[in-house]
Amino acid sequence: MFKRTHLASAIVFALTSQSLYAQEANASDTQEEKSVEVIEVSGIRGSLNKALNVKRQNFQIVDAIVAEDIGKFPDNNLVEAMQRITGVQVTDRGAGEVSTVSIRGLTDVTTTVNGRNIFTSSGRSIALADIPASLLKQVDVYKTRSAKLIETGIAGQIDIKTQRPFDFDGAKAVIAARGIYQEQADKTDPNLSMLLSNRWELSGGAEFGALVNISYAETNYRDQSITAGAMFPFMTDNPADGFMPYQQIATTVNGSSVWQPGTEDGLPFASGSTLPVNGEDVEYLLSRDALFHSDFTGKRERPAANISLQFAPNAESDYFFEAFYNGYRNESFNSLMFHFVNNHNALDFRDDVVLFEGTNIIKERTIGNNAMFSSGDLSTGKTDGYLYALGGNWYPTDDLALHAELIYQKSKFESEFLAMRFNGTGYGIAVDFNDGGGVPGYTMLDNPDTEDIDESDLTDSRQWTVAELYDNGGYSEGDATTFKIDGDYQTDLGWIETVYFGARYDVRTAEEGVRGVDGYCGCSLDGFDEDLYTITRDFYDGRANIATEWAVADGHYLMANRASFRDLYEFPDAELALQKTFDVEEKTAAAYLQASYSTNIAGHALGGEIGLRYVKVDTDMHFIEEDTRIESDADASTNSLLPSFTVRYNITDDLMFRIAYGETLRRPAFSQLNSNITYVEDVTNIGYGTASGGNPNLKPTESKNYDVALEWYFADSSSFYVTWFKREIEGLIVDFRNRISYQAPDADEPYDYILSQPDNASNGKLDGVEVGLVYFPSNLPEWLDGIGIQASYTMLDSTQDIPVTDEVGNVTGYDTTPMFGVSDSSYSVVLAYEKEDWFSARLSYVWREDFLANYEAALFANPLGVYRKPEESMDFQFSYHVNDNLMVTFDATNLTDEYFQSYYEYPNTHNFGSAIYSRTFALGARYTF
């Protein structure tokens, strides 16, 4: 029965038609479901209990996070909070936060807000870190999918629920403020939020509610990293004819191919390995071409707001309007110090070479007359995203409910980049590519024959020449208009209890544009205002044997005086204007039919869902080549029929068994469809540039998903569960690479580039097991009452087939590798302790095993895959109730001050990057009335 018998509860049900209970549970459920006890307690235990009830009452496999209190989510941002969900891993820590979420190792996640698909600019998804945690009521992570849910996102769907006025009995106001201290940046940042909500009874039994929720977060950050550069082959001290000792070996010699860059395994690194040079097998050494370090600082602001209006004129209908805004403002400065360490001409230093034992890899060497540069890079970014929804719910009969929404959203991102390089030549540099723990070290050498200048002092402006200036910008934007209608019909057809049906029509557009120009000055730095450069100081906290100070162009000064520098470098006005590179219109029509069923077998409830979703996508693409402005068009059309079913059986009142099957899609990013090729010239003297382009013929990636789960709810607020899952994925998009020659319109001659273009050329499999436990023991001594544990463990096994190509792009075979971003194992443990209406505390620890993060540019002799070392973090939260209205909080993240490191497949010999990120400490207060 759908009619409103109690106004508050019915309106909450009706207006959360995209939520768990309306979307996935039966409107008239089985007796087993009705008997589920909901324990209403506050704080940590209350939030975990609500999350368990979300999981238990759903036909799909769902995990959830529920706010401990209004406006109080347990972490600095949503992504950090999600890392404790079973099967969820987070990565890409930097700029004061974690930014990327994967579900069971896969990053293709569909994000919805109150059931509505949301995106950033021209992308397919939203940057989750842009959504402030203070605006959230609940987050549901769908690991399986019913026919009612949007078909994209082979990893899963994250549905973010915000507060609504009918969630409260009457008026409600919450004001919260936190000061977050960033240790590396040595600054304290504000994090503010406010919620105002009320509901009013109108004549004739009608009700109206209004809610406003606003948030502002500011972050000053500092990230510091050191990187040992890529590998190349070099001659030994006994070189081939025509070469000098320790000279770098090109990919071709006298027209003959010697080695191929960008292979899966890289060049062999066993002692005595050889390459064919001039018809002879010549021993070679592997060494880095560079060593560089970065001091990355910046300030980010995130304003956000949510407005919700609800109106219920009678028991047969209700209506709502919602608006959601999320903003992003960022200004960052990267101070880069880059040393080339591949010079072979300085005779005095040739004998100073040390190898890793048993390999041909150089560990230590000294290079004379070493070229170097510093680069001051200023970047700005700005995003504004708006989402509006107008809809209603109607109950024409006791058995039929209809829900409809009209949704419009628009998002735009704009960026600017301005960078200046200072060039210099050092007397010499003694470098150790792995000085301990995978961290490089080096010492700048001073020329004993020069007295007026210390050539080891990188802060001395006399060592530097003003060189290149890069002035780039871009924009990306998108909008979508969506109409959807859903219906629920209760039947008396035996096992079939409720039939769900609906349709969704979406018109999406995306557009991008860029500009870019660069030039060279070759001027003495002494001839410029001293404000042009700044000195980077106190780098890396003294944790490495490297230079901790250097002179670098001041990006803020550059931006403030950009017009004069454009005149100095004689940049043409035409190259400073933004040029559109593509626009896309995509029309998606989807319809579904789904039925929920229930019966009893052996006296226990058996239920589930079975459904079918049909989706058709038509895409029109228009491309404009950046240099020539030549225009082209393409179109594509796809359709898919996606079945799904679930079975849920209550073995006992507390033991539940589930089976689920579904099929999902991953559509290519709009930028991957852009057929234009972008050429980037060599900026680090490796001898060739890089180029990239899209492929308008890309198809959606398809996944078949299998899940089997066993869940034991053995006590109030406690459960143990284990899930086995498998994903069979066809048509993964990977890059094909080949070497091409291209002459730019303003170039005097052609230049070589390694071109990468995507194709549906890979298949993959992923299977694993996840285990979770929530346990609050009872019958403890009074002083221990309130202690509990939340723990999870995920084990994954993944493979994907990667095509191997030769220099001209022909497929010569396939390599089998792990999937990107998949750790074989990960776990989290949370120890909670609370005394209701007094205080609560939470100590949490997360760990994930090393994983293949990405492929390096296919330019080098090292293995192509870049792996991340195991990552871990320990966080702490404490809340104290001063009284019924006021709560004060203390939070800390990254307590153990972890290193984050990467390597090229072999961690002991092929170390890559090392980074330190900030710990944070926060004090806050929240007042509710």
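## Methionine 244 and its loop

Strands here are DSSP runs of E at least two residues long, numbered from the N terminus. With that in hand, and keeping in mind that this is a predicted model, we can place methionine 244: it sits in the loop between β11 (231-235) and β12 (252-253).

How much of it can a probe reach? Methionine 244 has a relative accessibility of 31%, so it counts as partly exposed. Phenylalanine 234 lies 10 residues away from methionine 244 along the chain, and their C-alpha atoms are 9.7 Å apart.

## A mixed sheet with a helix across it

Now to an open sheet of 5 strands. Read across, the order is β1-β6-β7-β4-β5, and the pairing is mixed. The edges belong to β1 (62-66) and β5 (116-117), each of which pairs on one side only. Inside the sheet, β4 (residues 109-113) and β7 (residues 156-162) run parallel and are joined by 5 bridges. If you want a spot to look at on screen, threonine 112 has aspartate 159 in β7 as its bridge partner.

Helix α4 (residues 43-57) lies across β1 and β6 (136-142), and makes an angle of about 155° with β1. From first C-alpha to last, the 15 residues of α4 reach 21 Å, close to the 21 Å expected at 1.5 Å a residue. The helix is mostly covered, with 13 of those 15 residues buried.

## An antiparallel sheet of 4 strands

Another open sheet has 4 strands in the order β18-β19-β22-β23, and here the pairing is antiparallel. β18 (353-355) and β23 (441-445) are at the edges with a single partner strand each, so each has one side without a neighbour in the sheet. On average, neighbouring strands are turned by 10° against each other, ignoring direction.

At the β18 end, 3 bridges hook β18 up with β19 (residues 362-368), the two running antiparallel. Valine 354 is the residue that stands opposite glutamate 364 in β19.

## Strand β24 and its partners

β24 (residues 465-493) has 21 of its 29 residues buried, so the rest of the structure largely encloses this strand. It pairs with β21 (residues 400-425) in the antiparallel sense over 23 bridges, and in that pairing leucine 406 stands opposite phenylalanine 483 of β24.

β24 also runs antiparallel to β25 (residues 496-524), and 26 bridges join these two. Isoleucine 485 has alanine 503 in β25 as its bridge partner. The hairpin of β24 and β25 has 2 residues between the strands, and glycine 494 there takes a positive phi near 65°.

## The disulfide

How many disulfides does a search of the whole structure find? Just 1 turns up. It is formed by cysteine 521 and cysteine 523, with their sulfur atoms 1.8 Å apart. As a reminder, a disulfide is a covalent bond between the sulfur atoms of two cysteines.

The torsion about the S-S bond of cysteine 521 and cysteine 523 is about -85°, so this disulfide is left-handed. Cysteine 523 has a relative accessibility of 22%, which means it counts as partly exposed; the buried class is for residues under 20%.

## Serine 317

Serine 317 is found in strand β17 (residues 317-340). Is it buried or exposed? With a relative accessible area of 6%, serine 317 is buried. Setting aside neighbours within four places in sequence, serine 317 is in contact with Ala312, Asn393, Trp394 and Tyr395.

Conventions: Residues are numbered from 1 along each chain as its sequence is written. This is a predicted model: local features need pLDDT of at least 70, side-chain atom pairs count only at pLDDT 80 or more; totals for chains, interfaces and linings use all residues. Side-chain values use heavy atoms; hydrogens and water are left out. Two strands pair if DSSP finds at least two bridges between them. Contact means heavy atoms within 4.5 Å. Axes are lines fitted to C-alpha atoms, for helices over the stretch in contact, and angles run from 0 to 180 degrees between N-to-C directions. Buried means under 20% relative accessible area, exposed over 50%, partly exposed in between (1.4 Å probe, protein chains only). A disulfide is a pair of cysteine sulfur atoms within 2.5 Å. The expected span of a helix is 1.5 Å times one less than its number of residues.
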